Amino acid sequence: MKFVDEFRDDVLARKISASIAAAIHPERLYRFMEFCGGHTHAISRHGIEDLLPENVRMIHGPGCPVCVLPTGRVDAAITLVNREDVILCTYGDVMRVPGSHRASLMRAKAEGADVRMVYSTLDAVRIAEQAMDRQVVFLAIGFETTTPPTALAIKTAKARGLRNFLVLCNHVLTPPAIQAILQSSKSDGPETVKLDGLVGPAHVSTVIGTQPYVRLAEEFRTPVVVCGFEPLDVMQAIFMLISQVKARRADVENQYTRAVTRQGNRAAQSAVADVFKVRETFEWRGLGEVPDSALRIRKEYAEFDAEQRYRIPYIPAADNPACECAAVLRGVKQPQDCKLFGKGCTPETPMGSCMVSSEGSCAAHWTYGRFRDIHNSA
Ligand code: SF4
């Protein structure tokens with residue numbers, strides 16, 4: 001398949017692996033965080049760590065949209081589905097994220113709540129058109145990649161005069177989260193992880209471009225390479241990061257030139273700016289409150305804002321105390337460090353958000369990485 005097969009060529013992968021081995025200084029440690037869950041999945045699935053020297057370490061970041069949704073936001077959605085007039089629509093993975101007391105939207109659905117899985121925001125708009133006597137709430141989550149379709153759904157509902165379509169907005173922004181991670185990496189303490197470079201997100205960057213990372217790379221003297229999702233993309237990005245470290249550079253480079261530009265997708269950015277504005281602060285699972293890191297619906301579209309319509313206050317909620325998702329999302333711990341990993345917590349029975357989506361570090365490690373652990377310890 002074009003744009004897939006040629007980026008999975010094992011002979012080329014071994015050549016890049018040899019170039020990486022030749023480029024590194026054998027006595028220094030290279031710690032690179034892949035921000036995005038798609039890269040975490042690719043690294044685990046394709047066994048990329050087996051092609052890297054011992055002293056080149058990949059650290060999983062918080063870029064999985066389902067994983068970073070805090071328990072309090074899940075609880076708010078569950079509260080809403082207890083209203084008889086509400087149909088709640090959302091993407092499949094979100095339905096399985098645990099809320100407080102092991103509740104979830106999936107469990108609420110099993111108990112009779114009207115929760116529906118959709119593949120697109122426009123599916124939710126269609127449901128609203130077909131159920132005019134109900135209030136259809138789309139639970140919107142995700143980074144800059146999923147925000148434009150939510151903006152277009154709201155605009156479509158407005159254009160069609162729909163009065164029963166609402167959005168519970170939990171969209172988050174990547175650059176402020178990267179800033180929080182890089183800030184933390186420059187401080188000392190047991191809860192920080194030192195970084196020598198960042199593999200920048202792919203899908204997000206198709207929308208926002210590479211420009212927003214420039215200030216971050218400069219301020220924190222950390223190289224950033226925006227990278228595609230195939231194994232050769234990731235291998236090449238790691239080589240590019242090592243080359244920057246070697247040359248003491250901290251630039252933003254674009255490995256994913258077949259999809260990402262400096263400026264990004266202007267039409268998508270404009271639709272988002274029309275419908276949403278930046279929240280002063282937002283809680284991320286793992287990162288805590290991060291200033292200017294999420295979006296809310298503008299007052300011009302207030303009639304579509306479920307948060308305003310139902311006056312939903314944000315009530316922070318504690319995670320399962322045995323779950324290490326917060327530390328995993330910060331890169332401080334690895335999935336296998338959690339005592340629930342594989343013992344009660346699996347993709348079929350997730351006890352934390354990182355085991356829900358295939359992009360979550362725990363789910364990726366359960367599906368692929370644990371076999372590497374067994375092999376390495378044999
Ligand atoms: S194994 Fe489960 S409980 Fe533990 S950190 Fe991962 S998702 Fe959370």
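Visitor: Which residues line the second largest cavity?

Guide: In this predicted model, the lining is made up of R73, A76, L168, N170, E307, I312, P313 and Y314. Two elements, α3 (71-81) and β6 (165-171), each give two or more residues to this lining.

Visitor: What makes two residues of that lining charged?

Guide: Arg and Glu count as charged, so R73 and E307 are the two charged residues of the lining. Asn belongs with the polar residues, and N170 is therefore the one polar member. Ala, Leu, Ile, Pro and Tyr count as nonpolar, so A76, L168, I312, P313 and Y314 make up the five nonpolar residues.

Visitor: What is the volume of the second largest cavity, and how much space lies in the largest cavity?

Guide: The second largest has a volume of about 60 Å³, while about 90 Å³ of space lies in the largest. A search of the whole structure gives four cavities of 30 Å³ or more.

Visitor: Which residues lie nearest the centre of the largest cavity?

Guide: Those are C323, C325, C338, C345 and C362, from a lining of 13 residues. Cys counts as nonpolar, so these five are among the eleven nonpolar residues of that lining. One polar and one charged residue complete the lining.

Visitor: Why is the pair of F143 and W284 called tilted?

Guide: Their ring centres are 5.8 Å apart, and a pair needs centres within 6.5 Å. Their planes stand at 55°, which is neither under 30 degrees nor over 60, so the pair is tilted. F143 sits in the loop between β5 (135-142) and α6 (147-159) and W284 in strand β11, so the pair ties together parts 141 residues apart in sequence. Ring pairs also link F35, F143 and W284 into a cluster.

Visitor: What makes the pair of F341 and W366 edge-to-face?

Guide: The angle between their planes is 75°, and over 60 counts as edge-to-face, so the name fits. The centres are 5.7 Å apart. Both F341 and W366 are buried, which means that each has under 20% relative accessible area.

Visitor: Which members of the largest nonpolar core touch the most other members?

Guide: L88, L105 and F165 do, in a core of 104 residues. A second, separate core has 26 residues, including M58, V225, M235 and L241.

Visitor: How do you know that these core residues, L88, L105 and F165, are buried or exposed?

Guide: A nonpolar core is a set of buried residues, so L88, L105 and F165, as members, are buried.

Conventions. Residues numbered from 1 in each chain as written. Predicted model: local features only at pLDDT ≥ 70, side-chain atom pairs only at ≥ 80, totals over all residues. Heavy atoms only, no water. Core = buried A, V, L, I, M, F, W, Y, C linked by side-chain atoms within 4.5 Å. Buried < 20%, exposed > 50% of the residue type's maximum accessible area, 1.4 Å probe, protein only. 1 Å grid on protein atoms, 1.4 Å probe; cavity = no way out; pocket = protein on both sides within 12 Å on 5 of 7 lines; lining within 4 Å. Points joined across faces, edges and corners; volume = space filled by probe spheres on them. Helix = DSSP H or I, 4+ residues; strand = E, 2+ residues; numbered from the N terminus. Phe/Tyr/Trp six-rings, centres within 6.5 Å; stacked < 30°, edge-to-face > 60°.
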